[in-house]
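Reader: Hello! Could you take me through a close look at one loop residue and its contacts, and then carry on to the charged pairs and the helices? I would be glad of one connected account with the cut-offs spelled out.

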Amino acid sequence: MEFTLEEMRGHLAALEARIGEACKIAGRSRESVKLVWVSKFHPAEAVENAISLGATDFGENRVQEAELKFSAPRMAKDGSRVRCHVIGPVQSNKLKKAAIVADCIHSIASIEAVEKLERVCAALPGENGTGKILDILFQVNAGEEETKSGLDVHEAEAFLNDLAAKAGAASDGKSENFPHLRFRGLMTIGKNTGVAEDSRECFAFLRNLQQKFLAKGGAFAHFDQLSMGMTGDLEVAIEEGSTMIRVGTALFGERDYSKPVNDPV
């Protein structure tokens with residue numbers, strides 16, 4: 001059951017207190033951590049309530065649901081355009097739809113997906129003519145759990161090196177072969193043990209990998225984002241350098257999974 005607007009306001013205040021304290025302990029500014037409101041399986045009305053409370057970024061697992069809620073531009077309270085993040089795995093046949101609706105895709109885990117997204121984005125309308133610039137992050141299964149998607153933790157560095165070679169010559173993050181894609185960083189899901197501290201090692205691994213490739217520059221000149229940490233482990237994620245935390249139920253309330261995905265209400 002979704003929270004009312006006032007309930008959301010109270011839960012947001014409690015969450016912000018947690019984020020603020022975690023940033024203080026980590027010696028970071030609150031502005032260095034973006035809150036992505038995970039709106040999957042919540043209705044459009046809940047999204048509007050979140051926007052009225054200052055939300056600017058929303059995460060959706062399913063492309064079809066993202067289309068229903070974010071195909072039409074929405075404006076945030078601060079006057080900026082609301083950003084849609086596709087955070088779940090995307091099947092190859094849905095990459096085009098994902099590229100159209102998303103500002104950022106967090107779950108890329110193959111060269112084939114990168115190549116297809118480049119072709120799709122090159123053909124889309126952009127702000128300055130043909131071609132949409134899309135931010136992408138690469139998902140790593142840093143916790144080595146069979147139920148999780150993403151790059152194998154032992155192969156992630158080799159994958160990124162291979163990607164750099166395929167990107168060709170690059171300047172300030174714009175590569176010769178993928179000019180419509182910005183490689184922004186890495187994403188992972190913490191270990192599903194119920195103990196936040198159990199995720200510290202995989203979060204630290206991701207930070208070290210991200211920093212290593214950011215330092216290379218070229219196609220990775222904008223590789224400064226770490227999407228990691230949810231309600232149960234956000235403090236550990238922030239301590240380990242997360243720049244985007246993904247929170248849903250704690251802000252919106254319990255999801256109603258009985259409703260069909262294509263039901264906008």
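Author: Let's start with Thr56, which sits in the loop between H2 and strand S2 (57–60); helices (H or I, at least four residues) and strands (E, at least two) are DSSP runs, numbered from the N terminus. The model is a predicted one, in which local features need pLDDT of at least 70 and side-chain atom pairs count only at pLDDT 80 or more, while totals for chains, interfaces and linings use all residues. Residues are numbered from 1 along each chain as its sequence is written, and side-chain values use heavy atoms, with hydrogens and water left out.

The side chain of Thr56 makes a polar contact with the side chain of Asp57, at 2.6 Å. A polar contact here is a pair of N or O atoms within 3.5 Å; within protein, one must be able to donate a hydrogen and the other to accept it, and residues adjacent in sequence count only if both atoms are side-chain atoms. Once neighbours within four places in sequence are left aside, Thr56 is in contact (heavy atoms within 4.5 Å) with Ala76, Asp78, Ser80, Arg81, Val82 and Arg83.

Two of the names met so far come back among the charged residues. Asp57 and Arg83 will return in a network, but the single pairs make a good lead-in. A salt bridge is a side-chain nitrogen of Lys or Arg within 4 Å of a carboxyl oxygen of Asp or Glu, and the structure holds 19 of them. Side chains of opposite charge can pair when their charged atoms come close.

One such pair is Glu60 with Lys69, at 2.9 Å from N to O. Where do Glu60 and Lys69 stand on the scale of buried (under 20% relative accessible area), partly exposed (in between) and exposed (over 50%), taken with a 1.4 Å probe and protein chains only? Glu60 counts as buried because its relative accessibility is 0%, and Lys69 is buried because its relative accessible area is 6%.

Another pair lies within one helix. Asp162 and Lys166 are both in helix H6 (residues 156–167), four residues apart, about one turn of the helix, and their side chains form a salt bridge at 3.0 Å, N to O. Asp162 is partly exposed, at 33% relative accessibility, and Lys166 is partly exposed as well, at 35%.

Glu239 and Arg200 also meet through their side chains in a salt bridge, at 2.8 Å from N to O. This pair links distant parts of the chain: Glu239 belongs to helix H8 (residues 234–239) and Arg200 to helix H7 (residues 200–214), 39 residues apart. Glu239 is partly exposed, with 35% relative accessible area, and Arg200 is partly exposed at 22%. As promised, salt bridges that share partners join Lys34, Asp57, Arg83, Asp135, Arg182, Arg184 and Asp224 into one network.

Arg200 leads us into H7 itself. Its 15 residues should span 21 Å at 1.5 Å a residue, and its end C-alpha atoms are 21 Å apart, which agrees; the expected span is 1.5 Å times one less than the number of residues. Cys202, Phe203, Ala204, Leu206, Leu209, Gln210 and Phe213 are the buried residues of H7. Their cover includes strand S7 (134–141), H6, strand S11 (181–187), strand S12 (225–227) and H8.

Helix H5 (residues 111–123) can be read in a similar way. For its 13 residues the expected span is 18 Å, and the end C-alpha atoms lie 19 Å apart, which agrees. Ile111, Ala113, Val114, Leu117, Glu118, Val120 and Cys121 are buried in H5, and the buried residues pack against helix H4 (95–101), S4, S7, H6 and S11.

S4 gives us another residue to visit. Ser107 lies in strand S4 (residues 104–108) and counts as buried, at 10% relative accessibility. A polar atom of its side chain lies 2.6 Å from the backbone oxygen of Gly88. Not counting residues up to four places away in sequence, Ser107 touches Val86, Ile87, Gly88, Pro89, Val90, Leu137, Gln139 and Met187.

To finish, back to loops. Most residues other than glycine have a negative phi. Phe41, in the loop between strand S1 (34–38) and helix H2 (44–52), has a positive phi near 65° and is buried, with 15% relative accessible area. Asp172, in the loop between strand S9 (170–171) and strand S10 (174–175), has a positive phi of about 50° and counts as exposed at 58%.
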